[in-house]
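Me: I have a model open and would like to learn how to read it. Could you walk me through it, feature by feature?

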Amino acid sequence: MNLPLYSSTSDFSRPNLVGLQHPGLTELPTQLVCPIRENLTPTPVRTHIRWGGLEFVAACDLLRPINSASLKRLGELNASDSLKILQTFQLLLSSDP
């Protein structure tokens, strides 16, 4: 699954959010997203991704719902980076220490 990239600002030149919600749930009023930025500090629950020749850090630890009406879809991540985000987010859900 390739995760969708969104912008929630008026700057549509680059994404600032990556969606983690199953694509079959797009009719819900909110989408679960993580912020992505070029200048975020990496941690064990953040991961590097590439899009459009730029490198971003996906902050899986800052997952939040956002109103779907405020999102503009800009594209999607490749399968490899999508998997890295999903695996990193899964660390937050793990019951093992």
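**Reading the helix and what it packs on**

Reply: Let's begin where the helix does: at the start of α1, a side-chain oxygen of Asn78 comes to within 3.1 Å of the backbone nitrogen of Ser80. Keep in mind that this is a predicted model.

Me: Okay. What pattern of helices and strands does the protein follow along the sequence?

Reply: There are one helix and seven strands, and in sequence order they read β-β-β-β-β-β-β-α.

Me: How do I check the length of α1 against what it should span?

Reply: Use 1.5 Å a residue: the 15 residues of α1 should span 21 Å, and the end C-alpha atoms are 21 Å apart, so the two agree.

Me: Which residues of α1 are buried, and which are exposed?

Reply: General idea up front: an α-helix has 3.6 residues a turn, so residues three or four places apart point the same way. Here, Asp81, Ser82, Ile85, Thr88 and Phe89 are the buried ones. They cover an arc of only 130° around the axis, which means they sit on the same side of α1. Gln90, Leu91 and Leu93 are exposed on the other side.

Me: What do the buried residues of α1 pack against?

Reply: Three strands: β2 (17-19), β4 (46-51) and β5.

Me: How do I read a nonpolar core, and which members touch the most others?

Reply: In soluble globular proteins, nonpolar side chains tend to be buried together. In this model the largest nonpolar core has 13 residues, and Val18, Leu20, Ile36, Ile49, Leu77 and Ile85 touch the most other members. β3 (30-37), β5 (54-59) and α1 (79-93) each give two or more residues to this core. Apart from it there is another core of five residues, including Tyr6, Leu17, Val33 and Ile66.

Me: Back to Ile85, then: which residues does it touch?

Reply: Leaving out residues up to four places away in sequence, Ile85 touches Leu3, Val18, Leu20, Thr47, Ile49, Ala58, Cys60 and Leu77.

Me: And a polar residue such as Ser7: is it buried or exposed?

Reply: Ser7 is in strand β1 (residues 4-7). With a relative accessible area of 0%, Ser7 falls under the 20% cut-off, so it counts as buried. Its side chain reaches the backbone oxygen of Asp11 at 3.1 Å. Beyond four places in sequence, Ser7 touches Phe12, Arg14, Asn16, Ser70, Leu71, Lys72 and Leu74.

Me: Last one: what radius of gyration would a compact globule have, and what does the protein have?

Reply: For 97 residues, a compact globule would be near 13 Å, and the protein has 13 Å, so they agree. Of the 97 residues, 35% count as buried.

How values were computed
Residues are numbered from 1 along each chain as its sequence is written. This is a predicted model: local features need pLDDT of at least 70, side-chain atom pairs count only at pLDDT 80 or more; totals for chains, interfaces and linings use all residues. Side-chain values use heavy atoms; hydrogens and water are left out. A nonpolar core is a set of buried Ala, Val, Leu, Ile, Met, Phe, Trp, Tyr and Cys residues joined through side-chain atoms within 4.5 Å. Buried means under 20% relative accessible area, exposed over 50%, partly exposed in between (1.4 Å probe, protein chains only). Helices (H or I, at least four residues) and strands (E, at least two) are DSSP runs, numbered from the N terminus. Contact means heavy atoms within 4.5 Å. The expected span of a helix is 1.5 Å times one less than its number of residues. The arc is that of the directions from the helix axis to the C-beta atoms. A polar contact is a pair of N or O atoms within 3.5 Å; within protein, one must be able to donate a hydrogen and the other to accept it, and residues adjacent in sequence count only if both atoms are side-chain atoms. The radius of gyration is taken over C-alpha atoms; the globule rule is 2.2 Å times the number of residues to the power 0.38.
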